[in-house]
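Welcome! Take a moment to turn the model around on your screen, and then let us walk through its parts together.

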Amino acid sequence: MTDTAMAATALGKRFGRRGGWALRDCTFRLPAGRVCAVVGPNGAGKSTLLALAAGLLAPTEGRVTVLGTDPASARARVGYVAQDKPLYPQLSVAETLRVGADLNPGRWDAETAERIVSAGDLDPRKKIRSLSGGQRTRVALALALGKRPELLLLDEPMADLDPLARHELMGTLMARAAQYGTTIVMSSHVVAELEDSCDHLLLVGGGRVRLAGEIDDLLAAHTRVSTATGSTGPTSEDGSPDSAPGGLPELAPHTVVESRVTGRQLTALVRPAGPLPDDWRTSTPSLEELVLAYLRNPQAAPLTPAEPEEAAV
(Lines give C-alpha, C1' and ligand atoms only; values in the text may rest on other atoms or scores of the structure.)
Protein backbone atom coordinates (compact mmCIF):
# COMPACT_ATOMS: atom_id res chain seq x y z
CA MET A 1 0.00 0.00 0.00
CA THR A 2 1.07 3.60 -0.55
CA ASP A 3 -0.06 6.89 0.92
CA THR A 4 0.12 8.51 -2.52
CA ALA A 5 -2.63 7.85 -5.05
CA MET A 6 -1.14 9.93 -7.89
CA ALA A 7 2.04 11.93 -8.32
CA ALA A 8 3.51 13.81 -11.26
CA THR A 9 6.94 15.30 -11.73
CA ALA A 10 7.55 17.75 -14.60
CA LEU A 11 4.85 15.87 -16.52
CA GLY A 12 4.20 16.97 -20.09
CA LYS A 13 2.28 15.69 -23.10
CA ARG A 14 2.53 16.94 -26.66
CA PHE A 15 0.56 15.49 -29.57
CA GLY A 16 2.68 15.16 -32.69
CA ARG A 17 6.19 16.47 -33.30
CA ARG A 18 4.96 19.94 -34.08
CA GLY A 19 1.77 19.85 -32.06
CA GLY A 20 1.06 22.05 -29.09
CA TRP A 21 1.53 20.99 -25.50
CA ALA A 22 -1.67 19.69 -23.90
CA LEU A 23 0.18 19.56 -20.57
CA ARG A 24 3.55 20.99 -19.58
CA ASP A 25 5.72 20.89 -16.47
CA CYS A 26 2.98 19.56 -14.16
CA THR A 27 4.09 18.61 -10.65
CA PHE A 28 1.75 17.56 -7.87
CA ARG A 29 1.01 14.84 -5.30
CA LEU A 30 -2.45 13.50 -4.47
CA PRO A 31 -2.63 11.65 -1.12
CA ALA A 32 -4.58 8.40 -1.03
CA GLY A 33 -8.16 8.45 0.20
CA ARG A 34 -9.00 11.91 -1.10
CA VAL A 35 -11.86 13.04 -3.31
CA CYS A 36 -10.12 15.33 -5.78
CA ALA A 37 -11.64 17.87 -8.14
CA VAL A 38 -9.72 18.52 -11.36
CA VAL A 39 -11.13 21.79 -12.63
CA GLY A 40 -10.39 24.13 -15.49
CA PRO A 41 -11.88 25.41 -18.74
CA ASN A 42 -12.47 23.24 -21.79
CA GLY A 43 -9.16 22.43 -23.46
CA ALA A 44 -7.13 23.03 -20.31
CA GLY A 45 -5.61 19.53 -20.27
CA LYS A 46 -7.87 17.80 -17.74
CA SER A 47 -8.76 14.84 -19.98
CA THR A 48 -5.12 14.43 -21.03
CA LEU A 49 -4.03 14.29 -17.39
CA LEU A 50 -6.56 11.58 -16.54
CA ALA A 51 -5.69 9.56 -19.66
CA LEU A 52 -2.01 9.69 -18.67
CA ALA A 53 -2.89 8.47 -15.17
CA ALA A 54 -5.01 5.67 -16.65
CA GLY A 55 -2.09 4.53 -18.82
CA LEU A 56 -3.89 5.26 -22.09
CA LEU A 57 -1.31 7.88 -23.09
CA ALA A 58 2.45 7.97 -22.59
CA PRO A 59 4.11 11.17 -21.32
CA THR A 60 6.24 13.21 -23.70
CA GLU A 61 8.35 14.33 -20.76
CA GLY A 62 8.44 13.85 -17.00
CA ARG A 63 6.58 11.06 -15.26
CA VAL A 64 3.34 10.15 -13.53
CA THR A 65 2.97 7.40 -10.93
CA VAL A 66 -0.25 5.78 -9.77
CA LEU A 67 -0.65 3.87 -6.49
CA GLY A 68 3.11 3.79 -6.09
CA THR A 69 3.93 2.39 -9.51
CA ASP A 70 3.60 3.16 -13.21
CA PRO A 71 0.07 3.41 -14.68
CA ALA A 72 0.36 0.19 -16.70
CA SER A 73 1.27 -1.85 -13.62
CA ALA A 74 -1.56 -0.31 -11.59
CA ARG A 75 -4.27 -0.80 -14.24
CA ALA A 76 -6.04 -3.66 -12.43
CA ARG A 77 -6.52 -1.41 -9.39
CA VAL A 78 -7.71 1.68 -11.30
CA GLY A 79 -11.18 2.44 -12.61
CA TYR A 80 -11.52 4.95 -15.44
CA VAL A 81 -14.58 6.49 -17.06
CA ALA A 82 -13.72 8.54 -20.14
CA GLN A 83 -15.70 11.57 -21.23
CA ASP A 84 -17.26 9.76 -24.21
CA LYS A 85 -18.18 6.68 -22.08
CA PRO A 86 -16.98 4.05 -24.63
CA LEU A 87 -19.06 0.87 -24.40
CA TYR A 88 -19.82 -1.95 -26.84
CA PRO A 89 -23.04 -0.77 -28.54
CA GLN A 90 -24.12 -4.24 -29.67
CA LEU A 91 -24.15 -5.67 -26.12
CA SER A 92 -27.07 -5.48 -23.72
CA VAL A 93 -26.74 -3.93 -20.26
CA ALA A 94 -26.64 -7.38 -18.65
CA GLU A 95 -24.01 -8.61 -21.14
CA THR A 96 -21.90 -5.52 -20.46
CA LEU A 97 -21.89 -6.27 -16.74
CA ARG A 98 -20.95 -9.89 -17.44
CA VAL A 99 -17.99 -8.68 -19.48
CA GLY A 100 -16.96 -6.56 -16.49
CA ALA A 101 -17.13 -9.62 -14.25
CA ASP A 102 -15.10 -11.72 -16.71
CA LEU A 103 -12.39 -9.06 -17.01
CA ASN A 104 -12.05 -8.59 -13.25
CA PRO A 105 -12.01 -12.08 -11.72
CA GLY A 106 -11.68 -12.05 -7.95
CA ARG A 107 -12.41 -8.32 -7.73
CA TRP A 108 -15.85 -7.93 -9.28
CA ASP A 109 -18.56 -6.46 -7.03
CA ALA A 110 -21.72 -7.61 -8.81
CA GLU A 111 -24.04 -6.25 -6.12
CA THR A 112 -22.74 -2.69 -6.46
CA ALA A 113 -22.77 -2.75 -10.26
CA GLU A 114 -26.31 -4.13 -10.44
CA ARG A 115 -27.57 -1.66 -7.82
CA ILE A 116 -26.27 1.32 -9.82
CA VAL A 117 -27.95 0.02 -12.98
CA SER A 118 -31.25 -0.85 -11.32
CA ALA A 119 -31.46 2.56 -9.62
CA GLY A 120 -31.82 4.04 -13.12
CA ASP A 121 -34.71 1.70 -14.02
CA LEU A 122 -32.65 0.23 -16.86
CA ASP A 123 -33.94 -2.89 -18.59
CA PRO A 124 -30.98 -5.34 -18.45
CA ARG A 125 -32.00 -6.62 -21.91
CA LYS A 126 -31.69 -3.23 -23.62
CA LYS A 127 -28.79 -2.74 -26.03
CA ILE A 128 -26.22 -0.10 -25.16
CA ARG A 129 -26.83 1.63 -28.50
CA SER A 130 -30.46 2.29 -27.52
CA LEU A 131 -29.59 4.04 -24.24
CA SER A 132 -29.58 7.78 -23.66
CA GLY A 133 -26.36 9.58 -22.76
CA GLY A 134 -27.28 9.61 -19.09
CA GLN A 135 -28.10 5.89 -19.13
CA ARG A 136 -24.77 5.07 -20.75
CA THR A 137 -23.06 7.11 -18.05
CA ARG A 138 -24.80 5.02 -15.41
CA VAL A 139 -23.63 1.76 -17.04
CA ALA A 140 -20.07 3.08 -17.37
CA LEU A 141 -20.01 4.05 -13.68
CA ALA A 142 -21.41 0.62 -12.76
CA LEU A 143 -18.52 -1.01 -14.64
CA ALA A 144 -15.95 1.24 -12.99
CA LEU A 145 -17.28 0.78 -9.44
CA GLY A 146 -17.93 -2.93 -9.95
CA LYS A 147 -14.19 -3.30 -10.45
CA ARG A 148 -13.68 -2.21 -6.81
CA PRO A 149 -10.87 0.17 -7.74
CA GLU A 150 -8.45 1.73 -5.28
CA LEU A 151 -8.31 4.78 -7.56
CA LEU A 152 -11.31 5.94 -9.61
CA LEU A 153 -10.69 8.41 -12.46
CA LEU A 154 -13.82 10.15 -13.79
CA ASP A 155 -13.67 12.55 -16.74
CA GLU A 156 -16.71 14.87 -16.65
CA PRO A 157 -18.81 12.06 -15.16
CA MET A 158 -22.01 14.01 -14.52
CA ALA A 159 -22.31 15.96 -17.77
CA ASP A 160 -25.10 13.76 -19.22
CA LEU A 161 -27.09 13.30 -16.01
CA ASP A 162 -30.20 15.11 -14.82
CA PRO A 163 -29.97 16.81 -11.39
CA LEU A 164 -31.67 13.94 -9.52
CA ALA A 165 -29.42 11.27 -11.05
CA ARG A 166 -26.38 13.47 -10.46
CA HIS A 167 -27.25 13.79 -6.77
CA GLU A 168 -27.89 10.06 -6.40
CA LEU A 169 -24.70 8.94 -8.14
CA MET A 170 -22.59 11.51 -6.30
CA GLY A 171 -23.93 10.03 -3.07
CA THR A 172 -22.91 6.57 -4.27
CA LEU A 173 -19.40 7.80 -5.00
CA MET A 174 -19.05 9.50 -1.61
CA ALA A 175 -20.30 6.37 0.16
CA ARG A 176 -17.71 4.31 -1.72
CA ALA A 177 -14.95 6.73 -0.70
CA ALA A 178 -16.05 6.67 2.93
CA GLN A 179 -16.53 2.89 3.18
CA TYR A 180 -13.52 1.63 1.26
CA GLY A 181 -11.12 4.58 1.26
CA THR A 182 -11.28 4.77 -2.53
CA THR A 183 -9.44 7.74 -3.99
CA ILE A 184 -11.71 9.53 -6.47
CA VAL A 185 -10.50 12.03 -9.06
CA MET A 186 -13.25 13.88 -10.95
CA SER A 187 -12.73 16.44 -13.67
CA SER A 188 -15.24 19.17 -14.42
CA HIS A 189 -15.43 22.75 -15.62
CA VAL A 190 -18.42 23.35 -13.30
CA VAL A 191 -16.95 24.14 -9.88
CA ALA A 192 -20.30 24.18 -8.08
CA GLU A 193 -20.79 20.53 -9.11
CA LEU A 194 -17.83 19.43 -6.98
CA GLU A 195 -17.57 22.02 -4.19
CA ASP A 196 -19.59 20.13 -1.58
CA SER A 197 -18.03 16.73 -2.25
CA CYS A 198 -14.29 17.19 -2.81
CA ASP A 199 -11.52 17.84 -0.30
CA HIS A 200 -8.58 18.20 -2.72
CA LEU A 201 -8.11 20.44 -5.77
CA LEU A 202 -6.09 20.38 -8.96
CA LEU A 203 -6.69 23.52 -11.02
CA VAL A 204 -5.43 23.14 -14.58
CA GLY A 205 -5.16 26.11 -16.91
CA GLY A 206 -3.23 26.50 -20.13
CA GLY A 207 -1.84 22.99 -19.80
CA ARG A 208 -0.27 23.65 -16.40
CA VAL A 209 -1.25 22.97 -12.80
CA ARG A 210 -2.08 26.37 -11.28
CA LEU A 211 -3.30 25.24 -7.85
CA ALA A 212 -2.79 21.92 -6.07
CA GLY A 213 -3.56 20.90 -2.52
CA GLU A 214 -6.19 20.39 0.15
CA ILE A 215 -9.11 22.72 -0.52
CA ASP A 216 -9.24 24.00 3.07
CA ASP A 217 -5.51 24.82 2.96
CA LEU A 218 -5.82 26.60 -0.38
CA LEU A 219 -8.74 28.70 0.81
CA ALA A 220 -6.92 29.55 4.05
CA ALA A 221 -3.88 30.71 2.05
CA HIS A 222 -5.94 33.35 0.23
CA THR A 223 -7.82 36.41 1.45
CA ARG A 224 -10.29 38.66 -0.30
CA VAL A 225 -9.64 42.27 0.71
CA SER A 226 -11.30 45.59 0.02
CA THR A 227 -10.21 49.09 0.93
CA ALA A 228 -10.54 52.70 -0.19
CA THR A 229 -7.84 53.69 -2.67
CA GLY A 230 -7.48 57.24 -1.36
CA SER A 231 -4.88 59.15 -3.31
CA THR A 232 -2.36 56.32 -3.51
CA GLY A 233 -4.13 53.90 -5.82
CA PRO A 234 -5.00 54.46 -9.50
CA THR A 235 -8.66 54.58 -10.43
CA SER A 236 -9.78 53.22 -13.76
CA GLU A 237 -12.08 55.62 -15.58
CA ASP A 238 -14.41 52.85 -16.75
CA GLY A 239 -14.14 50.70 -13.62
CA SER A 240 -12.40 47.91 -15.50
CA PRO A 241 -9.97 45.54 -13.77
CA ASP A 242 -6.62 47.11 -12.96
CA SER A 243 -4.16 46.09 -15.67
CA ALA A 244 -1.14 46.21 -13.38
CA PRO A 245 -2.22 45.09 -9.92
CA GLY A 246 1.35 44.58 -8.76
CA GLY A 247 1.93 48.32 -9.09
CA LEU A 248 -0.56 49.26 -6.40
CA PRO A 249 1.42 50.30 -3.30
CA GLU A 250 -1.29 48.94 -0.99
CA LEU A 251 -0.77 45.39 -2.30
CA ALA A 252 2.96 45.34 -3.02
CA PRO A 253 4.04 43.08 -0.09
CA HIS A 254 1.48 40.42 -0.98
CA THR A 255 1.04 38.00 -3.90
CA VAL A 256 -1.84 39.37 -5.96
CA VAL A 257 -4.05 36.90 -7.79
CA GLU A 258 -6.63 39.43 -8.97
CA SER A 259 -7.48 43.06 -8.26
CA ARG A 260 -10.11 45.52 -9.38
CA VAL A 261 -10.52 49.25 -8.84
CA THR A 262 -13.98 50.73 -9.13
CA GLY A 263 -14.37 54.38 -8.24
CA ARG A 264 -12.36 54.80 -5.04
CA GLN A 265 -12.74 51.18 -3.96
CA LEU A 266 -10.06 48.52 -4.38
CA THR A 267 -10.95 44.83 -4.09
CA ALA A 268 -8.40 42.06 -4.50
CA LEU A 269 -7.69 38.40 -3.92
CA VAL A 270 -4.25 38.00 -2.38
CA ARG A 271 -1.95 35.48 -0.77
CA PRO A 272 -0.85 37.48 2.27
CA ALA A 273 2.88 37.77 2.89
CA GLY A 274 2.25 38.96 6.45
CA PRO A 275 -0.30 40.85 8.56
CA LEU A 276 -2.86 42.90 6.67
CA PRO A 277 -3.71 46.50 7.68
CA ASP A 278 -6.43 46.78 10.31
CA ASP A 279 -8.54 49.10 8.16
CA TRP A 280 -8.81 46.54 5.31
CA ARG A 281 -12.02 44.53 5.14
CA THR A 282 -11.12 40.86 4.73
CA SER A 283 -12.97 37.60 4.05
CA THR A 284 -12.18 34.05 3.00
CA PRO A 285 -13.02 33.39 -0.66
CA SER A 286 -15.33 30.61 -1.78
CA LEU A 287 -13.87 27.82 -3.88
CA GLU A 288 -15.60 29.19 -6.97
CA GLU A 289 -14.19 32.68 -6.35
CA LEU A 290 -10.71 31.22 -5.94
CA VAL A 291 -10.88 29.14 -9.11
CA LEU A 292 -12.34 31.93 -11.26
CA ALA A 293 -9.72 34.42 -10.06
CA TYR A 294 -6.87 32.16 -11.17
CA LEU A 295 -8.53 31.36 -14.49
CA ARG A 296 -9.17 35.03 -15.26
CA ASN A 297 -5.53 35.87 -14.59
CA PRO A 298 -3.20 33.34 -16.24
CA GLN A 299 -0.15 35.34 -15.12
CA ALA A 300 -0.95 34.98 -11.41
CA ALA A 301 1.74 33.03 -9.56
CA PRO A 302 0.67 29.38 -9.13
CA LEU A 303 0.45 27.71 -5.74
CA THR A 304 1.61 24.11 -5.99
CA PRO A 305 3.59 21.85 -3.66
CA ALA A 306 7.28 21.21 -3.94
CA GLU A 307 8.32 18.41 -6.26
CA PRO A 308 6.95 15.15 -4.82
CA GLU A 309 9.23 12.37 -3.79
CA GLU A 310 9.77 9.77 -6.49
CA ALA A 311 7.53 6.75 -6.02
CA ALA A 312 9.04 3.32 -6.21
CA VAL A 313 8.40 1.61 -9.54
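## A tour of the fold

Helices α5 and α6 are roughly parallel to each other, because an angle under 35 degrees counts as such and their axes cross at roughly 5 degrees. Those two axes come within 12 Å, and helix α6 spans residues 163-180. From α5, the residues Arg138, Leu141 and Leu145 make the contact, and from α6 they are met by Ala165, Glu168, Leu169, Thr172, Leu173 and Arg176.

Before going further, please keep in mind that this is a predicted model. The protein chain has eight helices and 13 strands. Its C-alpha atoms fill a box of roughly 75 × 40 × 40 Å, taken along the principal axes. Of its 313 residues, 47% count as buried. If you look at contacts between residues at least 6 apart in sequence, 70% of them join residues at least 24 apart.

### The helices around α5

Helix α5 also meets α3 and α4. The table puts the three helix pairs side by side.

| Helix pair | Axes come within | Crossing angle |
|---|---|---|
| α4 and α5 | 8 Å | roughly 165 degrees |
| α3 and α5 | 9 Å | roughly 20 degrees |
| α5 and α6 | 12 Å | roughly 5 degrees |

How do α4 and α5 run, roughly parallel or roughly antiparallel? Their axes cross at roughly 165 degrees, and therefore these helices are roughly antiparallel to each other. The crossing of α4 past α5 is right-handed. On the α4 side, the meeting residues are Thr112, Ala113, Ile116 and Val117, while α5 brings Arg138, Leu141, Ala142, Leu145 and Gly146.

With α3, the picture changes to a crossing of roughly 20 degrees, so α3 and α5 are roughly parallel to each other. Here, too, the crossing is right-handed, with α3 passing α5. Val93, Thr96, Leu97 and Gly100 of α3 meet Val139, Ala142 and Leu143 of α5.

Those α3 residues are worth a second look. Helix α3 covers residues 93-103, and Val93, Thr96, Leu97 and Gly100 are buried in it. They cover an arc of only 95 degrees around the axis, which means that they sit on the same side of α3. The elements that cover them include α4 (110-118) and α5 (133-146).

### A four-stranded sheet and helix α8

Now turn to a sheet. Four strands form an open sheet in the order β11-β12-β10-β13, and their pairing is antiparallel. At the edges are β11 (255-262) and β13 (281-283), each pairing on one side only. Neighbouring strands of this sheet are turned by 20 degrees against each other on average, direction ignored.

Inside this sheet, strand β10 (residues 223-228) runs antiparallel to strand β12 (residues 265-271), and six bridges join the two. Which residue of β12 does Arg224 stand opposite? The partner is Leu269. As a general point, side chains in a regular strand alternate between the two faces of the sheet.

Helix α8 (residues 287-296) lies across β10, β11 and β12, and runs at about 90 degrees to β11. Its buried residues are Leu287, Leu290, Val291, Ala293 and Tyr294. Seen down the axis of α8, they fall within an arc of 160 degrees, so they line one face of the helix. Among the elements covering them are β3 (35-39), α7 (215-220), β11 and β12.

### A hairpin

Strands β8 (200-205) and β9 (208-214) are also among the elements that cover the buried residues of α8. These strands form a hairpin with two residues between them, and Gly206 in the turn has a positive phi of about 60 degrees. β8 and β9 run antiparallel and are joined by six bridges. Leu203 stands opposite Leu211 in β9. Strand β9 is mostly covered, as five of its seven residues are buried.

### One residue to find yourself

Finally, look for Pro31, which lies in strand β2 (residues 21-31). Is this residue buried or exposed? Pro31 has a relative accessible area of 10%, and it is therefore buried, the cut-off being under 20%. Leaving aside residues up to four places away in sequence, Pro31 touches Asp3, Thr4, Ala5, Thr183, His200 and Glu214. The C-alpha atoms of Pro31 and Ala53 are separated by 14 Å, and these residues are 22 residues apart along the chain.

Key. Residues numbered from 1 in each chain as written. Predicted model: local features only at pLDDT ≥ 70, side-chain atom pairs only at ≥ 80, totals over all residues. Heavy atoms only, no water. Pairing = 2+ DSSP bridges. Axes fitted to C-alpha atoms, helices over the stretch in contact; angles between N-to-C directions. Contact = heavy atoms within 4.5 Å. Buried < 20%, exposed > 50% of the residue type's maximum accessible area, 1.4 Å probe, protein only. Arc of directions from axis to C-beta. Parallel < 35°, antiparallel > 145°, perpendicular 65-115°, else oblique. Left-handed = near helix turned anticlockwise from the far one by under 90°.
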